[in-house]
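This note sets out a few points on the model for a colleague's consideration. Please read them alongside the sequence and coordinates shown here.

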Amino acid sequence: MAILGELVRRGVRDVVLCPGSRSQALALAAAAFEQAGLIRLRVRIDERVAGFLALGLAVETRTPVLVITTSGTAVANLHPAVLEAHHSGVPLILFTADRPLELRGIGSNQTSEQVGIFGPAVTWVRDVEAPSHTGFDPDYPGQVAHEAYSAAAGHSSTPGPVQLNLAFREPLSGPVGRLPHLDEHQWPEPTLRRGLEVEHAPNTVVVAGHGAGPQAEALARSIGVPLIAEVSSGSRFGPNLVGSYRDLLSDPEFGGRVERAIVFGHPTLSREVPALLERDGVTVRVIRAPGAEPYNPGRRASSVHDFASHDGGPDDSLGARRWLGTWVQAGRERLLADVPQSEPVPAEERAGDFAREQLAAFREPITRRLLVETVWRLTWPHDRLVLGASRLIRVADAVVQGKKIAVHANRGLAGIDGTISTGLGIALASQDPGLDPGGASGGTLGVTRVLLGDLAVLHDAGGLLFGLGEARPRIQVVVGNDGGGTIFDGLEVAATAPRDALDRVLYTPQSVDLRALAAAYGWEYRTATTRGELDVALAASDSPTLVEVPLVR
């Protein structure tokens, strides 16, 4: 109770817990804090789901989120979310309940070595022994809570997950009692560390990988250079944005002439970006993302910084303006060249054909490109878009144009784990009115759309479960269902491996009835096979909805 109160005092507002005997005191204390209006509590029965739900909450709020579990395998099930949080720099505080010292190492039920179970994925761990009859130092809860919060929030290094392993003796809980008094206090914010002052230099590009944020776009515009921005970078907008950047990076007249690259975030969606950064003759400056490791392929970065700035306006020389203009223009032309074009129709034949054209557009079969472009078109700044680690995020990265919207993806390790749960956390956090009196702060009227493949849905099917009384946000899980892992069809080995072996061990075909799956978990279900049906299916709904879009392999 005391440690939880100190974390709330320091700024923790979201708590996710799973039920369990050894953690019952923590769970009941969290319920009391929720009843007092001090926290938002989410309850899930699956620890892996809970971990990714907390990840999504923390991604959206940018504040440490507390996760409470019981002992044993419950702790181990947090590991996938912990790894993603570590590599993405997402702040999580893990309360893992444990046996006291006298019950460890003797074969006691549900007892394992929980301290250090996450290895280097957590940079701060404390093992707190169960209180004895003499109690504990009254200052201790405040001290350990301050250390945990500061470490998770990145006050002295990068943000990420931390673990507080709490031992409990029987009796495991009692009456909650009066909540501790939580006086207001201003806690110091982390200070920016090593910065890069960017000067003008010829043939420069700014590369924005996942999580780069709007600062990458601002710098590219400030110094007047092309912006190469991945779809989940948070930088894919603005006048300097380059379309079809993969083609241009492979072109000797464009990518071949780059002399300096300033890299933000964590690029993960192309082979052309790391190839550029590893090439001789290219000076690489890295602005590290919040994750554990700076992005530095080939270890060729001449310097790594925490932020970048530019004093002055863009380079107005003829060479600099031509460099920027040719990149932006060529990118637009190549992007438009990839759009399927219909045969021109003579004017005399077009008269009266508007209705037929509209009907033909309504009946247009859905391709992967049409799917991602439609979802992108219907997503606005008050919405949230979550992209799963599937073939669709790569299609989106290749074809969608610039737009200043909130796009999220688990690209720290780029796994398909927990995509639905992460999206639910983002949806709950973005749509929650907040904890201020009257609910006047925070909350949007938008919808969260999670775009992913069928295998990613099945991998996180448990994330669809809402417990009784749990909040149900406005969310659409949009499934491009091509019956398996078609992303593996793009591997080089697919051209030589026996088709039946490739299908069994990589493509892994499936025929799950997603309508029945949605019904089992109480979600609305819609299907779309044409452009018109997709527009109708993606109309905002107040209920969680699963939209299935059949695709051809």
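1. The model is a predicted one. In it, helices H1 and H2 lie oblique to each other, since their angle falls outside the ranges counted as roughly parallel, antiparallel or perpendicular. The angle itself is about 40 degrees, and the two axes are 10 Å apart. H1 covers residues 2-10, while H2 covers residues 24-35.

2. As to handedness, H1 and H2 form a right-handed crossing. On the H1 side the contact is made by Leu4, Gly5 and Val8; H2 contributes Ala29, Ala30 and Phe33.

3. The character of this helix contact deserves a separate remark. Five of its residues are nonpolar and one is polar, with no charged residue taking part in the contact of H1 with H2. The polar entry is Gly5 of H1, as Gly is counted in that class.

4. Turning to internal space, the model contains one cavity of 30 Å³ or more. The volume of the largest cavity is about 50 Å³.

5. Which residues line the largest cavity? The lining consists of Val386, Leu387, Gly388, Ala389, Ala409, Asn410, Arg411, Gly415, Thr419 and Thr422. Strand S14 (384-387) and helix H15 (419-431) each provide at least two of the lining residues. From S14 these include Val386 and Leu387, and from H15 they include Thr419 and Thr422.

6. The lining of the largest cavity is mixed in character, with four nonpolar residues, five polar and one charged. The charged residue is Arg411.

Note on methods
Residues are numbered from 1 along each chain as its sequence is written. This is a predicted model: local features need pLDDT of at least 70, side-chain atom pairs count only at pLDDT 80 or more; totals for chains, interfaces and linings use all residues. Side-chain values use heavy atoms; hydrogens and water are left out. Axes are lines fitted to C-alpha atoms, for helices over the stretch in contact, and angles run from 0 to 180 degrees between N-to-C directions. Helices (H or I, at least four residues) and strands (E, at least two) are DSSP runs, numbered from the N terminus. Angles under 35 degrees count as roughly parallel, over 145 as roughly antiparallel, 65 to 115 as roughly perpendicular and the rest as oblique. A crossing is left-handed if the near helix is turned anticlockwise from the far one by less than a right angle, and right-handed if clockwise. Contact means heavy atoms within 4.5 Å. On a 1 Å grid over the protein atoms alone, a cavity is a set of points where a 1.4 Å probe fits but cannot get out, and a pocket is an open set with protein on both sides within 12 Å along at least five of seven lines; lining residues have an atom within 4 Å of a point. Grid points are joined across faces, edges and corners, and a volume is the space filled by probe spheres set on the points.
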